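Trainee: Could we go through this model together? I would like to see how each label is earned.

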Amino acid sequence: MIEVNNIDFYYENKLVYKDIDLTWQPGHIAALLGANGSGKTTMLRLLAGLLPPSNGTISIAGETPFARSVPFLQNIFMVPESFELPTVKASMLVKMYGSFYPQFSATQFLQNLDAFEVPAESNLKKLSFGQQKKVWLSFALACNTNLLLLDEPTNGLDIASKATLRKQLSAQLNTNRCIVVSTHQVRDLEYLFDWVTIIEKGDIAWHDSTENLSAYGQTESMEESYLRILRNQEKLIQQ
Amino acid sequence: MKQFSMKRLSNLITTWWFENKFSFFRSVGFLFLLQVLVIWYWISMNRYAPPHVLWTLLTMVLLFMQGQRISNAFKSLHDTETGTQWLLLPATPHEKFISIFFWNSLVFLISGIFLSIIMEKTALLIAEQLYISNPIAYEFRDVGTNEFFFSSDYFSTDNGFMKMLWGFWLACQFLFYWAAIRIKKGSNILSALILMAGFYIYGFYIRTLHPIFFKKNTGWDGAWEVNYHEYIEGVGERNYDLNETLTSCLQISLIAVCIYLLYKACTNLIRETKISQ
């Protein structure tokens, strides 16, 4: 479904990625991990079509993201780490944005809000950042787009809301849908991921299933496996 | 998939309204406040109020605010930090452009003009009542009522100049933004050139091809003075005296501000188009 072929990306003449190949299939929740500044958010922006690769191609269900055609945009939703919501009631988002997404379900949106315990009639500007994030995540899930990109979705969420997010994400995953999550808070969602991609120093350090990651790291903890991969990579560079 | 969809456009127009209604009302409210102050000033100054300066001030504020609105609207379209939602909203750049044009150019401008017409009528009514109560104390200059607003008078059949000017301003915005979407290479410079050429062509058009005839006299009398005389066939001559130094400066500044804002808005729109294509 998502094919990243030999892409390079430069940000202000500084190399971020060199010759990267990646493939993500539908029906998975994939983690995108890496150190600060490794280019996780950039990868999400490339996939969303907000940035063009310097070289190489990206194809999502046969579409080039950067062309930002209407059919492509109807099937993708990105929740950035920070965002601005309009001064309206949460329920108004249905009227404002819902009609742009053919598979949007207003009922699902209201159910998601209910699960996150956010009143549908609350004014978005008066909500805390965490509350706003819950509204936007509820909306994103209700759009039922085939590709959902989440950048640090658990930032600002309380413990109970993180549990709700896990529940909602696993419940609303289907065979046509791919969810890519960029995060530093691995523990918040680690049992949800079935695929892991680690970006390190402009290259892909890992791109395989969670199962294989556990086998490689000889531990159930994704965090420890991640650290082991980094250590091994460091050794390889030194050799 | 349709390149242009009325359904998507109406969705965008609705969305824009929900997102921006408060800032829209704030802008219109500011104009209203300014007009109240101008009327209060005009009434209190009686015959000594300089109508041209007031007219220019109001017009400048309206155009400046309008230009700023458009420029900011297009800026958010290409801003990957704050404009992500707009950028990823499933609609074409043309549809997004028209929805912005609809609100910021058409509706905002018309709201400003209607507001002025209402205020003009109110001012005339007050002036009339004051004159009836004391004809000697309140002898308002006729010129003040006719020229200090971009008012209903400018839309009457015997006043082609202002009608054409506002129509031209609106057409300019539409055409330049539309061109900005389509132009691919060297678009920033080209759009600025088109913009300048538009003003010159318009000047040529009103001077030579249209029955409205302009005579312009420019002279130095301690400051630059400009006089325009409009002659309409079958109606007669009407003067637009811009012979006050401050007014002349404001008029020139107004044109400069308009050009700058249009250029800025075009540039922002081009960035969005470049990303999308």
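Mentor: Gladly, and keep in mind that the model is predicted. Let us start with the contact, to which chain B and chain A bring 24 residues each.

Trainee: What makes these residues part of the contact?

Mentor: Heavy atoms within 4.5 Å count as contact, and 24 residues from chain B and 24 residues from chain A take part. About 2,300 Å² is buried between the two chains, with carbon and sulfur atoms giving 65% of that area. Phe18(B), Leu88(B) and Pro90(B) supply 28% of what chain B buries against chain A, more than any other three residues.

Trainee: How many salt bridges and polar contacts cross the interface of chain B and chain A?

Mentor: The rule asks for a Lys or Arg side-chain nitrogen within 4 Å of an Asp or Glu carboxyl oxygen, and it finds zero salt bridges there. Three residue pairs, both at pLDDT 80 or more, are in polar contact. On the side of chain B that touches chain A, α1(B) gives the most, with eight residues. That side divides into ten nonpolar, eight polar and six charged residues.

Trainee: How do you know that β1 and β2 of chain A are paired?

Mentor: Pairing needs at least two bridges, and seven join β1(A) (residues 2-11) to β2(A), which run antiparallel. In one of the bridges, Tyr10(A) has Leu15(A) as its partner.

Trainee: Why are β2 and β4 of chain A said to stand at the edges?

Mentor: The open sheet has the order β2-β1-β4. β2 (14-24) and β4 (55-60) each have a single partner strand, so one side of each lacks a neighbour in the sheet.

Definitions and conventions. Residues numbered from 1 in each chain as written. Chains lettered and ligands numbered in written order. Predicted model: local features only at pLDDT ≥ 70, side-chain atom pairs only at ≥ 80, totals over all residues. Heavy atoms only, no water. Helix = DSSP H or I, 4+ residues; strand = E, 2+ residues; numbered from the N terminus. Buried area = accessible area lost by both parts, 1.4 Å probe. Polar contact = N/O pair within 3.5 Å; in protein donor to acceptor, adjacent residues only side chain to side chain. Nonpolar A, V, L, I, M, F, W, Y, C, P; charged D, E, K, R; others polar.
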